[in-house]
Amino acid sequence: MNQEKLSFKFELEKKVPRPAPGGITRGASVKDFPASVGLAGVSMRLEPGGMRELHWHANAAEWGYVITGSMRNTLVHPDGTSYIDNFEPGDVWYFPKGYGHTLQATGSEECHFILIFDNGNFSEDHTFSVTDFIANTPNDIVAQNLGLTLDEVRLLPHSEAYFALGQVPDDSSLIAQARNEPALMTMHRYPFHAQNPRVVPGGGKQRIVSQKEFPISATITGSLLELEPGALREMHWHPNADEWQYYISGQAEMTVFLAEATAVTEEFNSGDVGYVPMGAGHYIKNTGTEVCRILIGFNAGNYESIDLSQWLSSNPQDVLVTNFGVSKELIDKMPKSELFIRAAGRT
């Protein structure tokens with residue numbers, strides 16, 4: 001592949017959205033973003049009371065993260081068990097593929113959230129919606145199935161609604177229908193921001209939610225990376241997963257190394273999406289003046305990373321001297337343990 005044609009950046013929030021009463025959505029599948037073969041993502045905004053109607057995804061599991069606002073989702077399992085959860089900023093959910101669900105903004109402000117799917121060919125435009133299903137089934141079948149008359153069936157939507165706008169659910173509705181005993185974590189809800197992060201003083205922090213922390217999330221691991229100005233998430237790679245990034249705030253630079261003298265450097269701003277193929281070396285550096293916050297999804301249930309400093313420091317000195325063809329004195333200046341994040345000004 002010609003290096004000039006390679007790009008691991010997509011300006012998601014600059015894409016023309018799909019609007020409807022109740023909300024808007026912007027998606028990035030492999031069709032929009034050719035590098036993104038293993039994962040796809042959506043930025044969705046719901047107005048207060050706005051609902052992403054009852055639907056299901058046949059070819060991908062869904063992992064979601066709330067950036068602003070509050071929401072409620074409902075879910076049904078194949079065994080008929082149903083779940084209802086309420087979400088605030090920093091909360092995460094996971095729905096296995098094929099499970100019917102809905103999302104609704106419940107507060108007085110817009111709810112903005114990011115969806116990550118474990119299939120690059122996923123498209124939010126080709127999801128199975130309940131109104132579309134009913135509108136394209138013979139009326140007499142729908143009437144028999146739902147116990148309605150034909151005249152009543154004709155009152156139902158004649159095409160896919162996709163979004164719907166209704167009243168904001170009141171407190172009694174939310175309390176009555178949500179989990180009976182409030183819990184920090186439920187089967188489909190994980191309070192990501194309540195997790196103690198891994199902190200590098202002056203450099204940044206990272207939170208990770210894998211299947212280990214969130215058992216239902218069998219195919220997607222999530223990470224929230226925060227880098228201080230000038231800080232570097234060191235050169236590393238992930239042996240078991242592709243990486244999909246959404247830049248929540250700040251500015252950053254990333255180089256993706258693809259072997260055989262091929263490397264691509266991109267500059268990112270808030271609202272951009274980045275992608276790293278499985279096993280490709282990369283780093284992320286905060287090039288701005290504010291904290292850079294990056295939401296990251298991996299298409300594997302467990303998190304694996306190999307950092308360059310961790311690898312080099314595990315080798316005997318003579319191995320590195322021979323490998324790099326330099327003096328012992330220079331090798332002695334290299335890290336003696338894992339860095340993970342290098343703060344600005346550190347050498």
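**Entry 1: the cavity**

I started with empty space, and the largest cavity holds about 50 Å³. The model I am looking at is a predicted one. My search covered the whole structure and turned up one cavity of 30 Å³ or more. I was glad to recall that rolling a probe the size of a water molecule over the atoms shows where empty space is left.

Which residues line the largest cavity? I noted Gln-206, Ser-223, Leu-225, Arg-233, His-236, His-238, Glu-243, Ile-284, Ile-296, Phe-298 and Tyr-303. Sorted by kind, the lining has five nonpolar, four polar and two charged residues. I also checked the strands behind it: E17 (221-227), E18 (232-237) and E24 (292-298) each supply at least two lining residues.

**Entry 2: the whole chain**

Next I stepped back to view the chain. I counted seven helices and 26 strands in it. The C-alpha trace spans about 85 × 45 × 35 Å along its principal axes. Of the 347 residues, 47% are buried. I then took the contacts between residues at least 6 apart in sequence, and 75% of them join residues at least 24 apart.

**Entry 3: a seven-strand sheet**

I followed one open sheet from side to side and wrote down its order as E1-E22-E19-E24-E17-E16-E15, with antiparallel pairing. Why is one side of E1 and of E15 left without a neighbour in the sheet? Strand E1 (9-10) and strand E15 (198-200) stand at the edges and have a single partner strand each, so one side of each has no neighbour there.

At the E1 edge, I found two bridges to strand E22 (residues 273-276), and the two strands run antiparallel. Phe-10 has Val-273 as its bridge partner in E22.

At the other edge I picked out Arg-198, which lies in strand E15. Its relative accessible area is 38%, so I noted Arg-198 as partly exposed. Leaving aside neighbours within four places in sequence, Arg-198 is in contact with Gly-204, Lys-205, Gln-206, Glu-338 and Phe-340. I was pleased to meet Gln-206 again, since I had listed it in the lining of the largest cavity. I also looked up how Arg-198 sits relative to Trp-244: they are 46 residues apart in sequence and 20 Å apart in space, C-alpha to C-alpha.

**Entry 4: around strand E3**

Is strand E3 (residues 23-28) mostly covered or mostly open? I found E3 mostly covered, with five of its six residues buried.

E3 is joined by three bridges to strand E2 (residues 18-20), and this pair runs antiparallel. Here Ala-20 stands opposite Gly-23 of E3. The hairpin of E2 and E3 has two residues between the strands, and Gly-22 takes a positive phi near 115 degrees in it.

Six bridges join E3 to strand E4 (residues 40-46), again antiparallel. Gly-23 has Leu-46 as its bridge partner in E4.

**Entry 5: the nonpolar cores**

I finished with the cores, keeping in mind that in soluble globular proteins, nonpolar side chains tend to be buried together. The largest nonpolar core has 49 residues, and the ones with the most contacts inside it are Trp-63, Tyr-65, Trp-244, Tyr-246, Ile-284 and Leu-295. Strand E24 gives the most to this core, namely five residues. Another core, of 21 residues, lies apart from it and has Leu-46, Leu-115, Tyr-162 and Phe-163 among its members.

Two names link my pages: Ile-284 also lines the largest cavity, and Leu-46 is the E4 bridge partner of Gly-23.

Definitions and conventions: Residues numbered from 1 in each chain as written. Predicted model: local features only at pLDDT ≥ 70, side-chain atom pairs only at ≥ 80, totals over all residues. Heavy atoms only, no water. 1 Å grid on protein atoms, 1.4 Å probe; cavity = no way out; pocket = protein on both sides within 12 Å on 5 of 7 lines; lining within 4 Å. Points joined across faces, edges and corners; volume = space filled by probe spheres on them. Helix = DSSP H or I, 4+ residues; strand = E, 2+ residues; numbered from the N terminus. Nonpolar A, V, L, I, M, F, W, Y, C, P; charged D, E, K, R; others polar. Buried < 20%, exposed > 50% of the residue type's maximum accessible area, 1.4 Å probe, protein only. Pairing = 2+ DSSP bridges. Core = buried A, V, L, I, M, F, W, Y, C linked by side-chain atoms within 4.5 Å. Contact = heavy atoms within 4.5 Å.
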